[in-house]
Protein chains: 2
Amino acid sequence: MNVSAASALNLHGFTAGVLPANCPTRTVLDHVTSKWGVLVLVALSQETLRWGELRRTIEGISEKMLASTLRTLEADGLVHRDAHATIPPRVDYSLTGLGRELADRLLPLMHWISANASDIVGRPAE
Amino acid sequence: MNVSAASALNLHGFTAGVLPANCPTRTVLDHVTSKWGVLVLVALSQETLRWGELRRTIEGISEKMLASTLRTLEADGLVHRDAHATIPPRVDYSLTGLGRELADRLLPLMHWISANASDIVGRPAE
DNA sequence: CGGTATCCCCCTCGATACTG
DNA sequence: CAGTATCGAGGGGGATACCG
């Protein structure tokens, strides 16, 4: 292992060379990499969106999973919920400061995946 | 939406403001954000590891899930498998060029998560 | 050591229906 | 419009046993 590789794994709370199981990092990683977590964060990285806009932006998400994903991310302090007591009701979702920091790390990942996805999935079957 | 925000969503294959369902990007995202995908890629980002080392590094992973995750990532061309016909057998796993590019986007994310995880999970319960 | 095969539980997720 | 409630199927994933 060279020096830069060693420092790359010098993650806060990670023992050298081990990815521990009982660690808040695992929990957050599970929330973010839950089936819809990344997509919600990426969608909100562009702009504040209403519930219905979010649902249309993220094709294929069910109401139940959108609600549940938003609740988890809100409880984690990554997403801010702003409910207006109007008729019809209006609820805006946006990223918190923490959420924006996270999204800034997620966007390069998404860009790379979307640029390379066809090379990856399009490979000859086994 | 400002200009930088608009360009940020200018993802290859993504229609403006929409995250499409039937898209290779979703498939790759699912593979990477499968329960163990990120952890395997991060572990291998440090160095080539043998099966047993990988199993010990990623605490809590079962043999079945390690095998299954490695097979998926190998089929995606992200991980390289190098089997030596020795006794006892020895199998080395490493990242391919593609896998390294991906890991380079994953490491900043993991660093941020591990640095902020306790702030996130440690919030007061609802 | 480095796997594969099998069983089976649980939990995620989708569908549907309903409400403020 | 913006949700919540309930139900049920499916498969992700763990435990165990076995093989080259």
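A polar contact here is a pair of N or O atoms within 3.5 Å; within protein, one must be able to donate a hydrogen and the other to accept it, and residues adjacent in sequence count only if both atoms are side-chain atoms. This is a predicted model, where local features need pLDDT of at least 70, side-chain atom pairs count only at pLDDT 80 or more, and totals for chains, interfaces and linings use all residues. Residues are numbered from 1 along each chain as its sequence is written, chains are lettered from A and ligands numbered from 1 in the order in which they are written, and side-chain values use heavy atoms, with hydrogens and water left out.

Q: What makes the A:Tyr93 pair with DNA strand D a polar contact?
A: A polar side-chain atom of A:Tyr93 lies 2.8 Å from a phosphate oxygen of the strand, and the cut-off is within 3.5 Å, so the pair counts. B:Ser62 also has a side-chain N or O atom 3.2 Å from a phosphate oxygen of DNA strand D. For B:Lys64, the partner is a base oxygen of that strand, 2.3 Å away.

Q: Which elements give two or more residues to the surface near DNA strand D?
A: They are α4 (51-57), α5 (63-75) and β3 (90-95) of chain A, together with α5 (63-75) of chain B. Helices (H or I, at least four residues) and strands (E, at least two) are DSSP runs, numbered from the N terminus. The most comes from α5(A), with four residues.

Q: What makes a residue count as near DNA strand D, and which come nearest?
A: One of its heavy atoms has to lie within 4 Å of the strand. There are 20 residues around DNA strand D, and A:Arg50, A:Arg81, A:Tyr93, B:Lys35 and B:Lys64 come nearest. On the DNA side, 54% of the strand D atoms within 4 Å of the protein belong to sugar or phosphate, and the rest to bases.

Q: Why is the A:Glu63 and A:Arg55 pair called a salt bridge?
A: The rule asks for a side-chain nitrogen of Lys or Arg within 4 Å of a carboxyl oxygen of Asp or Glu. The N to O distance for A:Glu63 and A:Arg55 is 3.7 Å, so the pair passes. Side chains of opposite charge can pair when their charged atoms come close. Over all chains, the count comes to six salt bridges.

Q: How do you know whether A:Asp92 and A:Arg90 are buried or partly exposed?
A: Buried means under 20% relative accessible area, exposed over 50%, and partly exposed in between (1.4 Å probe, protein chains only). A:Asp92 has 12%, so buried is the word. A:Arg90 has 33%, so partly exposed fits. The two form a salt bridge, with their closest N and O atoms 3.4 Å apart. In chain B, B:Arg90 and B:Asp92 form a salt bridge too, at 3.4 Å.

Q: Why is A:Asp76 called buried, and what does its side chain contact?
A: A:Asp76 has a relative accessible area of 5%, so it is buried. This residue is in the loop between α5 and β2 (79-84) of chain A. The side chain of A:Asp76 makes a polar contact with the side chain of A:His31, at 2.5 Å.
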